[in-house]
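Good morning, colleagues. I should like to take a few minutes to discuss aromatic pairs and nonpolar cores.

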Amino acid sequence: MKDRASKTSGTNGTSKTSGTNGTSESHTAKTGASGMDIVRNIERLIPLFNRMKWKMAAVGIGVGLVSGLLVVLYRLGIERCTEFARWMYGRIRLNPWLIAPWTFAALAIGLLIFWMIRKEPMASGSGIPQTEGVALNGLRMRWQTILPARFVGGLLCAMFGLSLGREGPSIQIGASGAQFLSHRLRGKRREDVQEHYVVTAGAAAGLSAAFSAPLSGMMFALEGVHRNFSPVILMGATAASLTADFVSKYCFGLRPVLDFGAIAQLPLGEYVWLIPLGLLAGLVGSLMNRSLLGFQTLYGKLPAWSRPLIALAIALPVGIWLPDALGGGSNLINMAEHASRGLGVLCILFVVKILFTSTSFGAGSPGGIFMPILAVGSLGGGICGVVAEQWFGLDHDSVAVFAVCMMTGVLAASVKTPITSILLAVEMSGTLTHMLPVAAVVFVAMLVSDVLHTRPIYDALLERYMRGQKLDTKLPNAIGNGVMEMPLEMGSAADGKRICDVEWPAGCMVIGLRRGDREIVPRRDMMLRGGDYLFVLFSGEEERAVRQGMHRLCDMEP
């Protein structure tokens, strides 16, 4: 009995103990199971396409923080170095003997810039064409070398006052910061097709932080980098732009870089001026492109080591006699807006800024052309406004409107990003009242640019870069199998055809289709429509060829 009792007791004790553990384990299992059930339920409620959107939005916040901080540091450095350049040339003007030490410093800095560009070619020039190449053509970008080369090279060029902007490099810095974050999140799987989306979000964050203009940043990601409208890219770019704008405003305040303040509205009776203003903007934008590419061609005939030295040598007389032309040109935009200088000075600065920007950029110096293009356009608008005021009785308050309109038109004619250009003008002026005259000038300028067969400047620069580096876009890529999202534009080659009738690129397969809010498993005989979003499975070795082939099928020919 005792043994039985003991046995029973042991059984009970064991049962009690094991019951306690069992309860704990079963509770943990239930908790884990319930957690998994919640995740599964969320995944059932949110379709695959929308899950990708919200994933990109979450990643975009991180991209905005990292890229925004990097661009803010770069922006601070460029501003300080440009101020130093103006101070230095002022001292040289008063003390000509300082030319000798300046010459030795320019020689050393020029050779250092040449060495950095040779080691990291992607850090030369603007940075926007290279970023487009990463997003569209699958070019490889190494953030480990691009970031130091961009920072050091950009600061050195700014110290000598070269006519280069910080916006293009800021976009590549933002994209490099996004790539860094993508690599950290992905661990050992360093390459993935979604990295293109993250890089695009970083580019948007870069422009947003550089200008304190989030709308322009997110639109540039769609219009200037990725070249199509995608809800997935839009979510990531929007989150990254807004976050980077918060970082920028926290450091620099609430005003955008080009704050035009309160600008009087253009009277309706003076809207007739918008047509000649648009025609001139288109001509100036085309002239700017041809000058930039022409000087780059001329520099190409010289030894590579001598190019930065020539650009720095040209900066000396400009800095001594026309210090207003130094740097990106935000001061020139303010000057043109208020017409604070005479007509002759504005004309001289207009010509010098075009030539000085072309000589600075053509040498391959690490710096952009976004701000110099805006400066040239605003000077052109200021000249037109002063002429109309002096000869035709235009109200003085309308000169600022002319400067904003022509600045936006020149940028659109050169870069071929009309929506981004319009939004940039809206964000700088802080009001929607000028959208109509700005848009009118932009579209007239775009028409003139197209009639003159002017290529988008960044497309031409990307083509030259790839040709100069002997890059073969058909080389095998390190990306494994993946899925890309491709919007189908109305009027494209695949629009209105059945899936089985389209000659899809080798190495890919259409595995999904989104039409409106519905996700459809495509059939061979399904008719494609403009506005569809295709999900394409591809092999990593064919990623570049597949991407280019899909763009030919899904993009409307210009």
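Are phenylalanine 246 and tyrosine 250 buried or exposed? In this predicted model, phenylalanine 246 is exposed, and tyrosine 250 is exposed as well. Their setting is helix H9, which spans residues 231-252, and there they sit four residues apart, about one turn of the helix.

Let me turn to the aromatic pairs as a group. Searching the whole structure yields ten aromatic pairs. One of them joins tyrosine 89 and tryptophan 102, with 6.4 Å centre to centre and 55° between the planes, a tilted arrangement. This pair links distant parts of the chain: tyrosine 89 belongs to helix H2 (residues 48-94) and tryptophan 102 to helix H3 (residues 99-119), 13 residues apart. Tyrosine 89 is buried, its relative accessible area being 0%, and tryptophan 102 is buried too, at 7%. Phenylalanine 246 and tyrosine 250 also form a tilted aromatic pair, at 6.3 Å centre to centre and with 35° between the planes. Ring pairs further connect Tyr89, Trp102 and Phe160 into a cluster.

A charged side chain also meets an aromatic ring. Arginine 75 lies over the face of phenylalanine 252, 3.9 Å from the ring centre.

I now come to the nonpolar cores. Which residues of the largest nonpolar core touch the most other members? They are Tyr89, Phe211, Phe370 and Leu374, in a core of 97 residues. Helix H15, residues 398-415, supplies the largest share of this core, namely 14 residues. Both domain 1 (48-252) and domain 2 (268-469) contribute at least three residues each to this core.

Phenylalanine 211 merits a closer look. Leaving aside residues up to four places away in sequence, phenylalanine 211 touches Glu167, Pro256, Val257, Leu258, Phe370, Met371, Leu374 and Leu424. Apart from the largest core lies another, of 26 residues, including Val71, Ala205, Ala210 and Leu222.

Finally, I return to helix H15, where serine 414 is placed. Why does serine 414 count as buried? Its relative accessible area is 0%, and the category requires a value under 20%. With residues up to four places away in sequence set aside, serine 414 touches Gly285, Asn289, Ile373, Arg455, Pro456 and Ile457.

To close, I would recall two pairs: tyrosine 89 with tryptophan 102, which links distant parts of the chain, and phenylalanine 246 with tyrosine 250, both of which lie in helix H9. Thank you for your attention.

Definitions and conventions
Residues are numbered from 1 along each chain as its sequence is written. This is a predicted model: local features need pLDDT of at least 70, side-chain atom pairs count only at pLDDT 80 or more; totals for chains, interfaces and linings use all residues. Side-chain values use heavy atoms; hydrogens and water are left out. Rings of Phe, Tyr and Trp (its six-membered ring) pair if their centres lie within 6.5 Å; planes under 30 degrees apart count as stacked, over 60 as edge-to-face and the rest as tilted. Buried means under 20% relative accessible area, exposed over 50%, partly exposed in between (1.4 Å probe, protein chains only). A charge sits over a ring if NZ of Lys or CZ of Arg is within 6 Å of the ring centre and within 35 degrees of the ring normal. A nonpolar core is a set of buried Ala, Val, Leu, Ile, Met, Phe, Trp, Tyr and Cys residues joined through side-chain atoms within 4.5 Å. Domain bounds come from an automatic or database domain assignment. Contact means heavy atoms within 4.5 Å.
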